[in-house]
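This report looks at one protein chain, from its overall layout down to single residues. Please keep the sequence and the structure open while reading.

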Amino acid sequence: PDTEAVISSNQPRIGIRARDLHRAPQQDDKVVIGSRHFLVKDSLEDGQGGINLIMHLDFDEREDEFTA
């Protein structure tokens with residue numbers, strides 16, 4: 001049904017090809033993009049050889065970033 005509800009998320013995610021990885025991603029694996037550090041919270045296969053990683057900003061790195 002059309003509820004006109006707005007849904008948004010600021011949860012970082014990245015899509016990658018499974019064949020580019022040495023092993024399947026696991027929860028709490030670290031991902032570094034530029035100078036930002038993330039922790040993998042979930043990985044979802046897309047059924048076409050890709051994996052979507054759902055991530056959170058790494059708390060330890062975020063703390064250093066904001067106090068530096």
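Where is the place of L53? L53 lies in strand 4.

## Overall layout

The model is predicted. The chain holds one helix and four strands. Read from the N terminus, the elements follow the order β-β-β-β-α. Strand 1 covers 13-17 and strand 2 covers 30-33. Strand 3 spans 36-45, and strand 4 spans 50-57. Helix 1 takes up 59-67.

The chain has 68 residues, and 19% of them count as buried. Its exposed area is about 5700 Å². Carbon and sulfur atoms supply 48% of that area. Consider next the contacts between residues at least 6 apart in sequence: 40% of them join residues at least 24 apart.

## The nonpolar core

Nonpolar side chains tend to be buried together in soluble globular proteins. Which residues make up the largest nonpolar core here? There are seven: V31, F38, V40, I51, L53, M55 and L57. Strand 3 and strand 4 each supply at least two residues of this core. Strand 4 gives the largest share, with four residues.

V40 has contacts in several parts of the chain. Beyond its neighbours within four places in sequence, V40 touches the core residues V31, L53 and M55. V40 also contacts I54. Its other partners are Q26, Q27, D28 and D29.

## L53 in strand 4

Is L53 buried or exposed? L53 is buried, because its relative accessible area is 5%, and the cut-off for burial is under 20%. With neighbours within four places set aside, L53 is in contact with P12, R13, I14 and I16. The list goes on with P25, V31, V40, D42 and S43. Two of these partners, V31 and V40, belong to the largest nonpolar core, as does L53.

A C-alpha distance adds to the picture. L53 and Q26 are 27 residues apart along the chain, and their C-alpha atoms are separated by 9.5 Å.

## The largest pocket

How much space lies in the largest pocket? The figure is about 190 Å³. The lining includes I14, I16, L21, H22, R23 and P25. D29, K30, V31, V40 and L53 also line this pocket. Strand 1 and strand 2 each supply at least two lining residues.

By class, the lining has seven nonpolar residues, one polar residue and three charged residues. V31, V40 and L53 are part of both this lining and the largest nonpolar core. Among the lining residues, I14, I16, P25, V31 and V40 are also contacts of L53.

## The loop between strand 1 and strand 2

A18 sits in the loop between strand 1 and strand 2. A18 counts as partly exposed because its relative accessibility is 32%. Which residues does A18 contact, once its neighbours within four places in sequence are left aside? They are G49, G50 and I51. The C-alpha atoms of A18 and G50 are separated by 5.2 Å, although their positions lie 32 residues apart along the chain as counted by sequence separation.

D20 is also in the loop between strand 1 and strand 2. Its relative accessibility is 46%, so D20 counts as partly exposed. D20 and G50 are 30 residues apart along the chain, with their C-alpha atoms separated by 9.5 Å.

D28 is found in the loop between strand 1 and strand 2 as well. D28 has a positive phi of about 75 degrees, yet it is not a glycine. At 42% relative accessibility, D28 counts as partly exposed. D28 is one of the contacts of V40.

## D58 before the helix

D58 is located in the loop between strand 4 and helix 1. Why does D58 count as buried? D58 counts as buried because its relative accessibility is 3%, and burial means under 20%.

Outside its neighbours within four places in sequence, D58 is in contact with K30, H37, F38 and L39. F38 is one of the residues of the largest nonpolar core, and K30 lines the largest pocket. The C-alpha atoms of D58 and R36 are separated by 8.3 Å. Along the chain, D58 and R36 are 22 residues apart.

Notes. Residues numbered from 1 in each chain as written. Predicted model: local features only at pLDDT ≥ 70, side-chain atom pairs only at ≥ 80, totals over all residues. Heavy atoms only, no water. 1 Å grid on protein atoms, 1.4 Å probe; cavity = no way out; pocket = protein on both sides within 12 Å on 5 of 7 lines; lining within 4 Å. Points joined across faces, edges and corners; volume = space filled by probe spheres on them. Nonpolar A, V, L, I, M, F, W, Y, C, P; charged D, E, K, R; others polar. Buried < 20%, exposed > 50% of the residue type's maximum accessible area, 1.4 Å probe, protein only. Contact = heavy atoms within 4.5 Å. Areas by Shrake-Rupley, 256 points an atom, 1.4 Å probe, with all protein chains shown as cover. Core = buried A, V, L, I, M, F, W, Y, C linked by side-chain atoms within 4.5 Å.
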